[in-house]
Amino acid sequence: MSTASREFLRNAAEKSADLVHRGIIRKGIDQYNAAAGRGRERFSDWEAARQRCHEIKWEAVNNLDRYLLEFERRVKERGGHVFWAENSEEARRYVADLATSRGVKKIVKSKSMVSEEIHLAPALEKLGIKVVETDLGEYIVQLRNETPYHIVTPAMHLTRSDIAALFKEKLGDVDTDDPPELVAAARRALRRDFFSAEMGISGANFLVADAGMIALTTNEGNGRLSTSLPRIHLVLAGIEKVIPRLQDLATIWPVLATSGTGQPITCYNTLIGGPRGPNEIDGPEEFHVVLLDNGRSELLADVSEREVLHCVRCGACINACPVFRTVGGHTYGTTYMGPIGSVLTPHLRGIKEFNHLSYASSLCGACTDVCPVKIELHHHLLHNRRDAVNASARPWMERLTFLMWGWAVKNPRRYALAGRMARTGMRVLQALKLDGTVLDPARAWTKNHAAPPAPQKSFRELWGKQNGAG
Ligand code: SF4
């Protein structure tokens with residue numbers, strides 16, 4: 001069992017027993033589900049909109065080389081720079097070299113899950129560069145030295161009083177739990193950072209190929225301030241974020257907003273295509289885009305898994321997932337949590353270390369039902385389980401069990417004998433009250449559940465008796 005797997009099981013056991021935590025998450029998700037439901041009803045044909053988004057992303061991902069090169073060409077024509085990073089280390093080095101060569105001391109950052117994926121902020125802070133998160137949820141978790149709890153709502157696990165106590169401790173002059181006053185306090189602190197930072201970093205919701213622009217969507221306006229006030233703007237984006245045409249945004253932006261937060265459209269939607277032009281009075285002097293691969297090309301090469309790259313990071317599958325609702329976001333120990341995280345992470349960080357996430361699912365399919373780009377998430381979880389078995393990445397006990405089961409099931413007599421032995425074993429354990437102890441091979445399950453009584457007869461014996469053969 002991998003270290004990540006052991007940690008996941010330990011944290012999941014702790015969090016699932018924490019009813020206060022579960023209550024907070026349930027309340028947040030229930031509010032989201034109500035808003036998203038109302039949002040979907042605003043569409044005259046939600047299913048047609050989903051289908052269109054699926055087709056847009058299918059076209060982009062299946063012609064990734066063409067659209068990325070088109071995007072790069074147009075950005076460069078406007079005086080921007082594009083860097084292709086094969087992995088996290090290359091991306092971090094590019095950002096660090098750029099920042100140090102330009103004398104950057106402070107960076108303001110709009111929300112970017114790719115920056116979390118490559119662990120950018122700790123690398124920059126080691127060089128003495130201060131990195132300030134400006135999305136309110138990210139700002140809160142940064143003050144707590146935590147990673148985001150959810151890709152869309154990073155501070156979902158905190159109550160108003162948690163945030164009030166945090167601000168009182170960290171921001172000094174704040175002694176209130178009134179939400180508008182808490183927001184105003186964060187705004188006052190962040191304003192100073194926006195005006196003093198030399199570099200702004202953002203993600204990109206989409207890379208629009210035919211316009212050569214990034215499409216950025218935020219609810220707080222922090223994206224616009226981070227990208228227009230500092231003299232350098234750097235964009236971090238996974239290569240799968242490209243879409244073919246500007247007009248695709250007419251469908252995909254409202255669908256993303258509806259699936260992400262239930263809004264008809266997110267408050268601030270911005271298109272940025274380069275540095276400040278010769279006759280423009282504001283905007284950055286330099287514009288850089290880092291296009292990150294980090295395992296995505298391998299996913300692209302796998303035809304059965306490729307559609308995972310369609311993801312627009314709306315978070316809807318996370319909110320629909322009963323496992324997430326029970327164990328919470330930090331338990332996953334990964335940048336991307338919930339169903340999409342369980343599907344994606346083994347590809348980005350290794351099947352040996354992270355295949356256990358494919359089993360953190362009841363395979364109910366709720367994630368697939370809500371995905372706005374129609375990714376068949378629960379099928380991909382199954383594919384990952386298959387890949388884990390093929391890569392011999394499962395625990396030796398599980399592999400031995402299935403080997404023995406395969407040997408027994410191929411012969412009716414062996415199968416009947418194995419069944420009798422298993423029933424006898426169950427009866428002995430239960431008679432001696434040993435189920436759930438270290439002597440019980442099924443203790444991972446029975447230590448938290450009452451074991452069912454051992455059946456007196458097998459299905460074959462009952463069937464035979466009913467049909468006159470037994
Ligand atoms: S997999 Fe689908 S539902 Fe989940 S975050 Fe991505 S786009 Fe949203």
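## Strand 2 and its neighbours

Let's start with strand 2 and strand 4 (residues 199-202): the two run parallel and are joined by 3 bridges. If you want a spot to look for in the viewer, find I107, which stands opposite M199 in strand 4. Keep in mind as you look around that this is a predicted model.

Strand 2 also pairs with strand 3 (residues 130-133), again in the parallel sense, and here there are 4 bridges. One pair to look up is K109 with its bridge partner in strand 3, E133.

So which residues sit on each side of strand 2? In a regular strand, the side chains take turns pointing to one face of the sheet and then the other. Strand 2 covers residues 106-109, with K106 and V108 on one side and I107 and K109 on the other. These four residues are all buried, which leaves both faces of the strand covered.

## The sheet with order 8-5-6-9

Now move along the chain to an open sheet of 4 strands, arranged in the order 8-5-6-9 with mixed pairing. Its edges are strand 8 (242-243) and strand 9, and each of these pairs on one side only. Strand 8 pairs with strand 5 in the parallel sense, over 2 bridges. Within that pairing, L207 has V242 of strand 8 as its bridge partner.

The other pairings here go the opposite way. Strand 5 (residues 206-208) runs antiparallel to strand 6, with 3 bridges joining them. Strand 6 and strand 9 (residues 268-272) are antiparallel too, this time over 5 bridges. A215 is a handy residue to click on: F206 stands opposite A215 in strand 6, and the bridge partner of A215 in strand 9 is L271.

## A hairpin and an enclosed strand

How many residues lie between strand 5 and strand 6 in their hairpin? There are 4, and G212 in the turn has a positive phi of about 65°.

Why is strand 6 (residues 213-218) described as largely enclosed by the rest of the structure? It comes down to burial: 5 of its 6 residues are buried, so the rest of the structure largely encloses this strand.

## Spaces inside

The protein also has some gaps in it: the count comes to 3 cavities of 30 Å³ or more. The largest holds about 90 Å³ of space. Its lining is made of 14 residues, and those nearest the centre are C311, C314, C317, I340 and C371. Sorted by class, that lining has 12 nonpolar residues, 1 polar and 1 charged.

The second largest cavity has about 60 Å³ of space. Residues that line it include C321, P322, P339, C364 and C367. Its lining divides into 8 nonpolar and 3 polar residues, with no charged ones.

## The whole protein

Time to zoom out. The protein has 470 residues, and 49% of them are buried. It contains 23 helices and 10 strands. Taken along the principal axes, the C-alpha atoms fill a box of roughly 95 × 55 × 45 Å.

How much area does the protein expose? The answer is about 23100 Å², with carbon and sulfur atoms supplying 55% of it. As for who touches whom, take the contacts between residues at least 6 apart in sequence: 73% of them join residues at least 24 apart.

Key
Residues are numbered from 1 along each chain as its sequence is written. This is a predicted model: local features need pLDDT of at least 70, side-chain atom pairs count only at pLDDT 80 or more; totals for chains, interfaces and linings use all residues. Side-chain values use heavy atoms; hydrogens and water are left out. Buried means under 20% relative accessible area, exposed over 50%, partly exposed in between (1.4 Å probe, protein chains only). Two strands pair if DSSP finds at least two bridges between them. On a 1 Å grid over the protein atoms alone, a cavity is a set of points where a 1.4 Å probe fits but cannot get out, and a pocket is an open set with protein on both sides within 12 Å along at least five of seven lines; lining residues have an atom within 4 Å of a point. Grid points are joined across faces, edges and corners, and a volume is the space filled by probe spheres set on the points. Ala, Val, Leu, Ile, Met, Phe, Trp, Tyr, Cys and Pro count as nonpolar, Asp, Glu, Lys and Arg as charged, and the others, Gly among them, as polar. Contact means heavy atoms within 4.5 Å. Accessible areas come from the Shrake-Rupley method with a 1.4 Å probe; for residues, only the protein chains shown count as cover.
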